[in-house]
Amino acid sequence: QVQVAESGGNLVQSGGSLTLSCAASGRIFSLHSMGWYRQAPGKQRELVGSVTSTNTTVYADSVKGRFTISNGNVKNTASLQMNSLRPEDTATYYCIALVSSGTGPPQYYWGQGTQVTVSS
């Protein structure tokens, strides 16, 4: 089994910065990518961005130029650096990891989420 855990959520003022971390652990043969989704109350979960094991990144238009996703220095970790935060960035942020465990096709694993609240 694979576990994914996020950390770093907090309350921050508009215009501020925050860094979220994600770590995957357990039966990991190969980690292909890590990504971040977010879900605000009453809204659908949406992709924030992702990074592959070869450092290719993808971002939602709403966060381009403000957010940066990168692989961590520690194996099987990633971070989400968020700058110029806006009240509309308020949401629960979820990390997702695409993992091969050595048998069968790669699978996605979700974290439990971490709350980010941006005050105006």
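Strand 3 (residues 18-26) and strand 8 run antiparallel and are joined by 6 bridges; strands here are DSSP runs of E with at least two residues, numbered from the N terminus, and two strands count as paired if DSSP finds at least two bridges between them. Within this pair, Thr19 has Gln81 of strand 8 as its bridge partner. The model is a predicted one, so local features need pLDDT of at least 70 and side-chain atom pairs count only at pLDDT 80 or more, while totals for chains, interfaces and linings use all residues. Residues are numbered from 1 along each chain as its sequence is written, and side-chain values use heavy atoms, with hydrogens and water left out.

Strands 3 and 8 belong to an open sheet of 4 strands, ordered 1-3-8-7 and paired antiparallel. Strand 1 (2-7) and strand 7 sit at the edges with a single partner strand each, so one side of each has no neighbour in the sheet. From one strand to the next, the twist averages 15°, with axes taken as lines fitted to C-alpha atoms and angles running from 0 to 180 degrees between N-to-C directions.

Then there is strand 9 (residues 91-100), which is mostly covered: 10 of its 10 residues are buried, where buried means under 20% relative accessible area, exposed over 50%, and partly exposed in between (1.4 Å probe, protein chains only). Strand 9 pairs with strand 4 (residues 30-39) in the antiparallel sense over 9 bridges, and Met34 stands opposite Ala97 there. Ala97 also turns up in the pairing with strand 10, where its bridge partner is Tyr109. That pairing, between strand 9 and strand 10 (residues 107-110), is antiparallel and spans 4 bridges. The hairpin of these two strands has 6 residues between them, and Gly102 takes a positive phi near 100° in it. Strand 11 (residues 114-119) also runs antiparallel to strand 9, joined to it by 3 bridges, with Ala91 standing opposite Val116.

Two asparagines deserve a mention for their backbone angles. Most residues other than glycine have a negative phi. Asn55, in the loop between strand 5 (46-52) and strand 6 (57-59), has a positive phi near 70°. Asn76 is not a glycine either, yet its phi is positive at about 65°; this residue lies in the loop between strand 7 (67-71) and strand 8 (77-82). As for their surroundings, Asn55 is exposed, with a relative accessible area of 53%, whereas Asn76 is buried at 19%.
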